[in-house]
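Thanks, everyone, for making time for this. Let me put the model on the screen, and then I will walk through a few places in it.

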Amino acid sequence: MSLIAVSAQGDTPEASVDPRFGRAKGFGLYDPSAQYWSYLSNDAAQAQAQGAGLAAVELLARAKVTVVLSGSIGPKAAVALRAAGIASVEGADGQTVRQAVAAHLEMPQRGDAKS
Amino acid sequence: MTAEITVVSGKGGTGKTSVTAAFAKLAGRTVICDLDVDAADLHILLQPEILETTAFEGGKIAIFEQNMCKGCVLCERYCRFGAIAKIDGVIKFDPLRCEGCGVCAQFCPFGAIVMRPRRAGQWFRSRTPFGTMLHAELYPGEENSGLLVTQLREEARDAAREEGCDYILSDGPPGIGCPVISAVSGTGFVVIVTEPTVSGVHDLRRIADLCNHFSRPVGVLLNKADLNLALADEVGALCAERGYPVLARIPYEPAVVRALVEGRTLDSVTENGIADGIKHAWQTVISSLGRKEKCQQHANNMPTT
Amino acid sequence: MIVAIASGKGGTGKTTIATALARIWDGPRVAVDMDVEAPNLHLFLAPSYDGRKRAVLDVPVVLHPEACSGCGACSRLCAFKAIIALGDYPVVFPEMCHGCGGCLEVCRRGVLGAGKRELGEIFWGRAGAADGASPDLRIAGGQLRIGEAMSVPLIRQVRTKANEMLAEHPGDVIIDAPPGTSCPALSAVREVDVLLLVAEPTPFGLHDLGLAVRALASGRVPTGVVVNRAGLGDDCIRAFCHKHDLPILAEIPFRRDIAEACAQGIPLDHMGELRTMMETLARSLRELAEPRVAA
């Protein structure tokens, strides 16, 4: 069972990838086996005075996410992700959530696939 | 990718801010950040025009509802920071000692304590001739300066992304504690400004150890370099041993202070080769980051003031 | 009496002045270095140490992860995100912990136990009467561990140590405070009888003196100013002090020979007229503090 989370600036798969992890607006979730998209708001972590990255990890762990794609992930959040058994990929910004997932799955996609 | 350059010094008063201001001018288009939120001075030299002011909430603080308090002093027992004490039968709360942990509120059986956000300062997004500047004012005696530093850096990264800037140039705080750790962790290059004094050398070792602890690349700028040649040699040896480039040796020169009083940056101080020294230092920082060409390009487009 | 030497801006000469005052001060006294991030006082007072001690903060450790029910109470309580709940076990980030102890109190299943994080060390000793310093000078100080973020708990432990030394053998206290205006500086100048602010006459120096006066000089504590590197910039500090009714207790001139001597670590009281100036400064501080000390 895999579940992919992508830090996102909006609640659709066409939203841009949020380059920030902890303070991302939310996470686009994609379940490859069910081919199902959903969205997880990160408001609670964003509002954290500190440790936003860690709060985001808690959120993803509760949602049983297995892989997270983002722009850059802070060192503490990276440690927490490892502890939670969630794989992480950085440098996924500069594209839409759908494109990021597609690139990750190396799946052919419509439109301008990232070369 | 934007490169973050952070100017620090273990010991205060070695000339960080003057160096940062000169670098800001030499960098051309950059995002400038004053991370010395405790005693921010960079605005004095760069005269930013404030575009946006945002409140900074640094954690929480306990608020007592005196009429609900039954005087059980459970809170006093739980508070490990000595912020709560029963004196002459009255609960006294010392806000300066409150860390905002919320343990008192959690365990108060009468709900007499609530945790409220603590307004600890404000930060500004401003415009300078050299680029967007992010700076802040921490209210006196407030803590969480590290958190404010982290927020400023996040804002700076957003600004650099929006504006397509190659560099974020930050004036860091003195010391090696919380705000310094927040300022240097994950930064692309650390410039340590030091001086050949007994304290300067001692504190250089500590800040260098800190940079090492966080695996940050370092360059050293020796200010007042001719004040004590033996100690200047000691700084040189330390740099050689650790593989730090010595970015410049700036002599002890009263003209530097005159420039400061007149609001001019170091790159305009032609006495004693100071302007050339600081330009050389900036070039070395840039080439350490592997961006020599871009710098040339920027140098040609430098705003003239 | 307790005198604290502070400044908004770093590098104004706090330690230089604290050193000189400590050396010439009459009677038993303890010089306390509270600038634990960049402690320098011991470099100039060259003490022989009577002791050193590791300073620690109580933080949680995960003792029995198997007992965790995943209730998340610890994570919800922690205001610093130093402990997070990942499904069915907690993860502790000890370096973010402030040591409030709340997680240990809320966990009902004994998952967490008490651990320690090293803050640094505290040290104490005596400076003796070497090269002309007046006798009966003791020193206490602390040194923050590299990588440790929190200096305030260490500053508190230095203060506790100094209080123990005073309980053993009473005397005056000369505090070398950390620079700035936030919590470390404030915790160093708490409960003092007189505050001495060191400033330099530059635009930065003036700005930071303003901050220090706002943050540290509460109005209740008598406060004086030393202008260091006088003549270096302009007259701004004098004008400021006049306006805020702050006495200027000494002005150390801006001279290359003084800068060179200080760089080398030669104390001010070794330099002819500066010794007299420091003696006058010490007397002025006693006079300023007198109403408070007597009360």
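In strand 10 of chain B, the residue that serves as bridge partner to B:Ile192 is B:Val220. Strand 10 covers residues 218–222 and runs parallel to strand 9 of chain B, with 5 bridges joining them; strands here are DSSP runs of E of at least two residues, helices are runs of H or I of at least four residues, both numbered from the N terminus, and two strands pair if DSSP finds at least two bridges between them.

I should say early that this is a predicted model, in which local features need pLDDT of at least 70 and side-chain atom pairs count only at pLDDT 80 or more, while totals for chains, interfaces and linings use all residues. Residues are numbered from 1 along each chain as its sequence is written, chains are lettered from A and ligands numbered from 1 in the order in which they are written, and side-chain values use heavy atoms, with hydrogens and water left out.

Strand 9 of chain B also pairs in the parallel sense with strand 1, residues 3–9 of chain B, over 4 bridges, and there B:Phe189 is the bridge partner of B:Ile5. Together with helix 7 and strand 10 of chain B, strand 9 makes a right-handed β-α-β unit, right-handed meaning that, with the strands pointing away from the viewer, the path from the first strand over the helix to the second runs clockwise.

How many residues of strand 9 of chain B are buried? The count is 6 of its 6 residues, where buried means under 20% relative accessible area, exposed over 50%, and partly exposed in between, with a 1.4 Å probe and protein chains only. In a regular strand, side chains alternate between the two faces of the sheet. Here B:Phe189, B:Val191 and B:Val193 point one way, B:Val190, B:Ile192 and B:Thr194 point the other way, and all are buried.

Following strand 9 comes B:Glu195, which sits in the loop between that strand (189–194) and helix 7 (198–213) of chain B. B:Glu195 counts as buried because its relative accessibility is 5%. Its side chain makes a polar contact of 3.5 Å with that of B:Lys11; such a contact is a pair of N or O atoms within 3.5 Å, where within protein one must be able to donate a hydrogen and the other to accept it, and residues adjacent in sequence count only if both atoms are side-chain atoms. Leaving aside residues up to four places away in sequence, B:Glu195 touches several others, including B:Gly13, B:Thr14 and B:Asn223, contact meaning heavy atoms within 4.5 Å.

Turning to the chain interfaces, 58 residues of chain B are in contact with 59 residues of chain C. The area buried between chain B and chain C is about 4,900 Å², with 59% given by carbon and sulfur atoms; buried area is the accessible area (1.4 Å probe) that two parts lose on being put together, summed over both. Of the area that chain B buries against chain C, B:Arg80, B:Arg206 and B:Tyr252 supply 12%, more than any other three residues.

On the other side of that pair, C:Asp208 lies in helix 7 (residues 203–216) of chain C. C:Asp208 is buried, because its relative accessible area is 1%. Among the residues that C:Asp208 touches, again not counting those up to four places away in sequence, are B:Ala39, B:Ala40 and B:Asp41, as well as C:Lys9.
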